[in-house]
Amino acid sequence: MTHQVRGVVARGKGAPVSLETIIVPDPGPGEALVKIEACGVCHTDLHYREGGINDDFPFLLGHEAAGVVEAVGEGVTDVAPGDFVILNWRAVCGQCRACLRGRPWYCFNTHNAKQKMTLEDGTELSPALGIGAFAEKTLVAAGQCTKVDRAASAAAAGLLGCGVMAGIGAAINTGNVGRGDSVAVIGCGGVGDAAIVGSNLAGAAKIIAVDLDDRKLETARKLGATHTVNSKESDPVEAIRELTGGHGADVVIEAVGRPETYKQAFYARDLAGTVVLVGVPTPEMKLDLPLLDVFGRGGSLKSSWYGDCLPSRDFPMLIDLYLQGRLNLDAFVTETIALDEVEKAFERMHGGDVLRSVVVL
């Protein structure tokens, strides 16, 4: 049996997306069919549309989603029809060298559904990050589904599927922000703001938000930043040092993904401090740092993959905090839109007017 649903498709590099009929098969072994309730419009979806990920067009976009399991295939035991789930793009295999060493958040063999979703003419679709959730239903590996409390808003919960989890995890999991630490976050989009929220949850005493846009800095302050620095008006390295007794921050989170801002992060941390790169660079970018400075400043230079999260551990915990009123996921939802408004959401993203547009079905 197959299902005919509506979905948002990117057919070619840079071309506007279109709303089309998608054919979704019933789940096979290890797979789950999920009825999507909400899906955030993430910058990664725009990268797919622009051909910045790969050229496997056409893409079924959308990956930051929550919904209800409608059916499962043979051998699936972790989720069942009727479960409210957040989708994730790193389904842990349990068998690779990272998993077997007790580090499943680094899983080197994550997997997706084996069956393909298609257009009406049989053209196979490439689902964004193995999910493809700008659609009424999608087919994923069952391991990409994490059951959480149904009381959560789907629009807010789905954001843990990518950007918000990446930022919170960069602070808590990768950066190991602790009680009383000083933290600087460079780049206050959705991921950077989530790193501010994560630092606040971890008990950081001082959280310094750095951006070029005063509107973003105001949002960062509302989400927990104790200080803000507009890097168009002052040197962010000097400003961060001045705010930390001349030393630099214990943890600096770079949420832009550019060599210039990474260098700022490197020199804005205290001796033996930690730099966390969560912003995603492009392939042509190069970094030039004096090796003596890398040695002499000590500490850790880390990259954060998906916030080094383990969905089965982190998603339910963060949803519990949300339902307790201790984690304001609703603040990240700037607007809710329909499936046919994704292209407009991409335009608003360029203007820096939104943290997240969320498609609600």
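Is C96 buried or exposed? I looked up this residue in the predicted model and found C96 buried, with a relative accessible area of 11%.

**Entry: cysteines**

I then searched the whole structure for disulfides and found 0. For C96, I noted that the nearest cysteine sulfur belongs to C99, at 3.7 Å, and that C96 is in no disulfide. The cut-off settles this case, because a disulfide requires two cysteine sulfur atoms within 2.5 Å.

I turned next to C145. How far is the sulfur of C145 from the closest cysteine sulfur? I recorded 13 Å, the closest being that of C39, so the sulfur of C145 is too far away for a bond. I also checked the accessibility of C145, which is 7% in relative terms, and entered the residue as buried.

**Entry: second largest pocket**

C145 led me to a pocket. I read a volume of about 440 Å³ for the second largest pocket. Its lining comprises 25 residues, and I listed D78, V92, A142, G143 and C145 as the closest to the centre.

Which elements give two or more residues to this lining? I found strand 10, covering 145-147, and helix 10, covering 311-323. Strand 10 contributes the most, with 3 residues.

Finally, I sorted the lining of the second largest pocket by class and entered 11 nonpolar, 9 polar and 5 charged residues.

**Entry: recapitulation of C145**

I closed with C145, having noted this cysteine as buried, as lacking a cysteine sulfur close enough for a bond, and as one of the lining residues closest to the centre of the second largest pocket.

Conventions: Residues numbered from 1 in each chain as written. Predicted model: local features only at pLDDT ≥ 70, side-chain atom pairs only at ≥ 80, totals over all residues. Heavy atoms only, no water. Buried < 20%, exposed > 50% of the residue type's maximum accessible area, 1.4 Å probe, protein only. 1 Å grid on protein atoms, 1.4 Å probe; cavity = no way out; pocket = protein on both sides within 12 Å on 5 of 7 lines; lining within 4 Å. Points joined across faces, edges and corners; volume = space filled by probe spheres on them. Helix = DSSP H or I, 4+ residues; strand = E, 2+ residues; numbered from the N terminus. Nonpolar A, V, L, I, M, F, W, Y, C, P; charged D, E, K, R; others polar.
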